[in-house]
Amino acid sequence: AKARGKDTYIQFEQSMAEATTFRLTMESDLRNALDREQFFLTYQPQVDAATNRIIGAEALLRWHHPVRGVVSPVEFIPVLEGMGLIVKVGEWTLRAACRAVRDWMDRGLWTDSMVLGINVSPQQFSQPEFFDQVRQAIDDAGIPARCIDLEITEGMVINEVEETIIRMNQIREFGVTFSIDDFGTGYSSLSYLKRLPLDVLKVDQSFVRDLSTDSNDAAIVETILAMARHLKLETIAEGVELEEQLEFLKSKGCNRYQGYYFSPPLRVEEFEALLKNHQHI
Ligand code: C2E
Ligand code: CA
Ligand code: CA
Ligand code: CA
């Protein structure tokens with residue numbers, strides 16, 4: 001038993017060392033990824049319940065690693081955040097997303113009533129120059145500010161509520177809207193939600209997943225939707241995969257959807273083909 005304990009420990013040490021090496025390699029790879037143009041955006045359509053029309057999309061970042069292939073943001077965003085590099089990559093994302101909208105507008109694929117959601121990490125948002133970055137990206141692309149929605153998370157709000165409200169209002173005056181992402185998974189209190197100048201609430205996919213089997217999740221979703229209605233927020237349900245989920249959400253007054261039921265995130269050419277062929281899904 002002793003010997004096995006020792007073996008286990010050695011294995012543990014080895015896997016710790018491997019994990020560290022893995023992380024260090026990833027960090028050095030990420031340091032070059034922007035210059036090497038290894039990042040790209042995918043686009044997941046968002047659909048209106050009443051008309052089944054595409055009303056916008058969410059831009060989702062991907063990293064094309066030369067050896068590992070396409071790496072998930074779940075894996076590399078936390079590393080970028082740890083390195084402080086998320087600020088630069090976030091700015092690249094903003095600019096790339098705005099340029100894409102410009103291009104789609106030029107080609108008649110996008111109207112000024114369609115909205116592209118862009119994820120903003122807390123570190124990025126807390127930079128004093130964030131507003132200027134947003135304004136610059138939009139102005140340089142020459143697109144209406146209302147075509148851009150910034151997705152923030154509850155984690156962002158915790159510390160500097162007053163400061164957050166001031167900054168959000170500045171950006172909103174410029175014409176950009178704000179969504180609260182992954183709603184219900186953070187630890188912010190409902191009173192924050194009431195005070196924040198938000199436009200859209202995104203119902204987290206963890207509540208949507210088991211809607212048809214878990215009555216607690218169904219109750220939570222129903223409550224979130226009712227609350228959003230009272231606060232006059234638009235709602236988008238994320239992670240909709242099944243007809244049953246869609247029907248439930250519809251019956252509780254959710255008006256917009258995003259999920260594999262309609263479409264996964266698409267590469268730009270695929271997304272453009274979708275916009276071209278049918279504004280309906
Ligand atoms: P998120 O903002 O909550 O994005 C939604 C995630 O759910 C996406 O994962 C999307 O592919 C996935 N998804 C969409 N529909 C379904 C569905 O029906 N079922 C399931 N199971 N999943 C679905 P993805 O693209 O892997 O992104 C993961 C997270 O990485 C995002 O979660 C977001 O937090 C972060 N992220 C992605 N792009 C960016 C970015 O440009 N900047 C920042 N700061 N974070 C980003
Ligand atoms: Ca998001
Ligand atoms: Ca989300
Ligand atoms: Ca999420």
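Analyst: A donor is an N, O or S atom within 2.8 Å of the metal (3.2 Å for Na, K and Ca), and sites may look incomplete because water is not among the atoms. This is a predicted model in which local features need pLDDT of at least 70 and side-chain atom pairs pLDDT 80 or more, while totals for chains, interfaces and linings use all residues. Residues are numbered from 1 along each chain, chains are lettered from A and ligands numbered from 1 as written, and side-chain values use heavy atoms, without hydrogens or water.

User: What makes Asp182 a donor residue of the calcium ion (ligand 4)?

Analyst: Two OD entries of Asp182 are listed as the protein donors of the calcium ion (ligand 4), lying 3.0 Å from it. That value falls inside the calcium limit, so Asp182 qualifies. Asp182 is part of strand 6 (a strand is a DSSP run of E, at least two residues; a helix is a run of H or I, at least four; both are numbered from the N terminus). Asp182 also bridges the calcium ion (ligand 4) and the calcium ion (ligand 3), which are 3.8 Å apart.

User: Which residues coordinate the calcium ion (ligand 3)?

Analyst: Asp181 (OD), Asp182 (OD) and Glu238, with two OE entries, coordinate the calcium ion (ligand 3) at 2.2 to 2.7 Å. Their spacing in sequence is D-D-x55-E.

User: What makes Asp181 a shared residue of two calcium ions?

Analyst: Asp181 coordinates both the calcium ion (ligand 2) and the calcium ion (ligand 3), and these ions are 4.0 Å apart. At the calcium ion (ligand 2), the donors are Glu58 (OE), Asn119 (OD1), Glu151 (OE) and Asp181 (OD), at 2.1 to 2.3 Å. Glu151 belongs to strand 5 (residues 148–153) and Asp181 to strand 6, so this pair ties together parts 30 residues apart in sequence.

User: How do you know that Glu241 makes a polar contact with ligand 1?

Analyst: A polar contact is a pair of N or O atoms within 3.5 Å. A polar side-chain atom of Glu241 lies 2.5 Å from a nitrogen atom of ligand 1, so the pair meets the limit. Oxygen atoms of ligand 1 also lie 3.1 Å from a polar side-chain atom of Asn119 and 3.2 Å from an N or O atom in the side chain of Asp182.

User: How many residues surround ligand 1, and what kinds are they?

Analyst: Ligand 1 is surrounded by 21 residues, where a residue counts if one of its heavy atoms lies within 4 Å. Among the closest are Gln44, Arg62 and Tyr260. The shell divides into 8 nonpolar, 7 polar and 6 charged residues (Asp, Glu, Lys and Arg count as charged; Ala, Val, Leu, Ile, Met, Phe, Trp, Tyr, Cys and Pro as nonpolar; the others, Gly among them, as polar). Strand 2 gives the most to this shell, with 4 residues.

Technical notes:
A polar contact is a pair of N or O atoms within 3.5 Å; within protein, one must be able to donate a hydrogen and the other to accept it, and residues adjacent in sequence count only if both atoms are side-chain atoms.
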